[in-house]
Amino acid sequence: MYGSPRTVGDVMTCTVAAVGPHAPFKEIVRLMQDWRVSALPVIEGEGRVAGVVSEADLLPKEEMWDAPGPALLGRRDAAKAEALTAAELMSSPAVTVHAEAPLAQAARIMAQNGVRRLPVVGDDGLLAGVVSRTDLLKVFLRSDADIAEEVRHEVVSHLFRPPASTVHVEVNDGVVTFVGQVRDTSLVPIAAGLTRAVDGVVDVEFDLAPAPAMG
């Protein structure tokens with residue numbers, strides 16, 4: 001579409017903190033603190049993502065000191081509590097997203113897996129960046145003027161051409177309103193769907209009247 005960031009690669013963070021499989025526990029904690037992140041990709045070789053180590057993977061070690069024995073933590077948490085390196089701590093295989101994936105796909109993967117950050121891989125399968133929930137919300141920072149221009153270019157110019165229709169677009173805080181007259185009202189639901197697909201759109205409203213029949 002006209003002017004919109006449409007893929008994960010458009011919004012991801014390219015400068016990424018990562019660790020190797022042999023990174024010790026304390027180094028992982030230190031990196032998380034320094035970078036203010038809750039998870040780190042674990043990479044092998046030239047940059048293949050082998051897994052992800054998160055705060056949730058680290059916490060069982062803290063819990064172990066309060067539990068009467070590691071066995072009471074459960075098998076998985078007990079193994080995490082005894083772990084000393086990233087390879088032993090990480091969740092694997094890593095849940096990743098491709099740089100060319102649409103933003104909606106990244107949001108869906110995060111929701112399905114209950115994660116807040118995803119390693120992003122390029123065409124070569126190597127780590128290219130990280131995308132977070134905050135990154136996905138960047139599209140809502142687009143100006144109303146940019147949104148209006150895209151809606152006019154991608155929706156109005158195709159569906160509501162004069163003289164059959166006279167439609168203007170107004171955008172206020174991301175809410176798009178179509179104002180004017182249309183002859184073919186069956187195009188309104190199509191316009192709504194196309195407009196909601198525009199990055200930064202919060203909602204779509206219509207203030208339309210039937211256009212008079214052409215003589």
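## Helix 8 and its surroundings

The buried residues of helix 8 are Ile-147, Ala-148, Glu-150, Val-151, Val-155, Val-156 and Leu-159. The model is predicted. Helix 8 runs over residues 144–159. Its 16 residues should span 22 Å at 1.5 Å a residue, and the end C-alpha atoms are 21 Å apart, which agrees. The helix is not straight throughout: helix 8 bends by about 40 degrees at Arg-152.

**Before helix 8**

One buried residue of helix 8 carries a charge partner. Glu-150 forms a salt bridge with Arg-142, with the closest N and O atoms 2.8 Å apart. Are these two residues, Arg-142 and Glu-150, buried or exposed? Both are buried.

Helix 7 covers residues 133–136, and a loop leads from there to helix 8. Phe-140 lies in that loop. Phe-140 has 45% relative accessibility, so it counts as partly exposed. Which residues form a nonpolar patch on the surface with Phe-140? They are Leu-137 and Val-202. Together, the three residues of this patch have about 310 Å² of accessible area.

**Salt bridges**

The structure has six salt bridges in total. Three of them are set out here, including the pair already met.

| Salt bridge | N to O distance |
|---|---|
| Arg-142 and Glu-150 | 2.8 Å |
| Lys-138 and Asp-135 | 3.1 Å |
| Arg-196 and Asp-203 | 3.9 Å |

The pair of Lys-138 and Asp-135 joins side chains with unlike exposure. Lys-138 counts as partly exposed because its relative accessibility is 36%. Asp-135 is at 5%, so it counts as buried. In the pair of Arg-196 and Asp-203, the acidic partner can be placed too. Asp-203 has 33% relative accessibility and therefore counts as partly exposed.

**After helix 8: the aromatic cluster**

How many aromatic pairs does a search of the whole structure find? It finds two. One is the pair of Phe-160 and Phe-178, which is edge-to-face. Their ring centres are 6.1 Å apart, with 70 degrees between the planes. Phe-160 lies in the loop between helix 8 and strand 6 (166–172), while Phe-178 lies in strand 7 (residues 175–182), so the pair ties together parts that are 18 residues apart in sequence. Phe-160 counts as buried because its relative accessibility is 2%. Phe-178 is at 0%, so it counts as buried too.

Why is the pair of Phe-178 and Phe-206 stacked? The ring centres of Phe-178 and Phe-206 are 5.0 Å apart and the planes are at 10 degrees, so the pair is stacked. Phe-178 is in strand 7 and Phe-206 in strand 8 (residues 203–210), so this pair ties together parts that are 28 residues apart in sequence. Phe-206 has 31% relative accessibility, so it counts as partly exposed. Ring pairs thus link Phe-160, Phe-178 and Phe-206 into a cluster.

**Backbone exceptions**

Most residues other than glycine have a negative phi, and most peptide bonds are trans. Some places in this model depart from that pattern.

Two of them are cis peptide bonds. One joins Ser-92 and Pro-93, with omega about 0 degrees. Pro-93 lies in the loop between helix 5 (86–89) and strand 3 (97–98). Another cis peptide bond joins Pro-162 and Pro-163, with omega about 5 degrees. Where does Pro-163 lie? Pro-163 is in the loop between helix 8 and strand 6. Phe-160 of the aromatic cluster is placed in the loop between helix 8 and strand 6 as well.

The phi of Arg-36 is near 55 degrees, a positive value in a residue other than glycine. Arg-36 sits in the loop between helix 2 (25–35) and strand 1 (39–44). Its relative accessible area is 78%, so Arg-36 is exposed.

Asp-173 also has a positive phi, near 55 degrees, and is a residue other than glycine. The place of Asp-173 is the loop between strand 6 and strand 7. With a relative accessible area of 63%, Asp-173 is exposed.

Note on methods: Residues are numbered from 1 along each chain as its sequence is written. This is a predicted model: local features need pLDDT of at least 70, side-chain atom pairs count only at pLDDT 80 or more; totals for chains, interfaces and linings use all residues. Side-chain values use heavy atoms; hydrogens and water are left out. Patches are made of residues with over 30% relative accessible area and no salt bridge: like charges are joined within 9 Å, nonpolar side chains (Val, Leu, Ile, Met, Phe, Trp, Tyr) within 5 Å. Accessible areas come from the Shrake-Rupley method with a 1.4 Å probe; for residues, only the protein chains shown count as cover. A salt bridge is a side-chain nitrogen of Lys or Arg within 4 Å of a carboxyl oxygen of Asp or Glu. Helices (H or I, at least four residues) and strands (E, at least two) are DSSP runs, numbered from the N terminus. Buried means under 20% relative accessible area, exposed over 50%, partly exposed in between (1.4 Å probe, protein chains only). Rings of Phe, Tyr and Trp (its six-membered ring) pair if their centres lie within 6.5 Å; planes under 30 degrees apart count as stacked, over 60 as edge-to-face and the rest as tilted. The expected span of a helix is 1.5 Å times one less than its number of residues. The bend at a residue is the angle between axes fitted to the seven residues ending there and the seven starting there.
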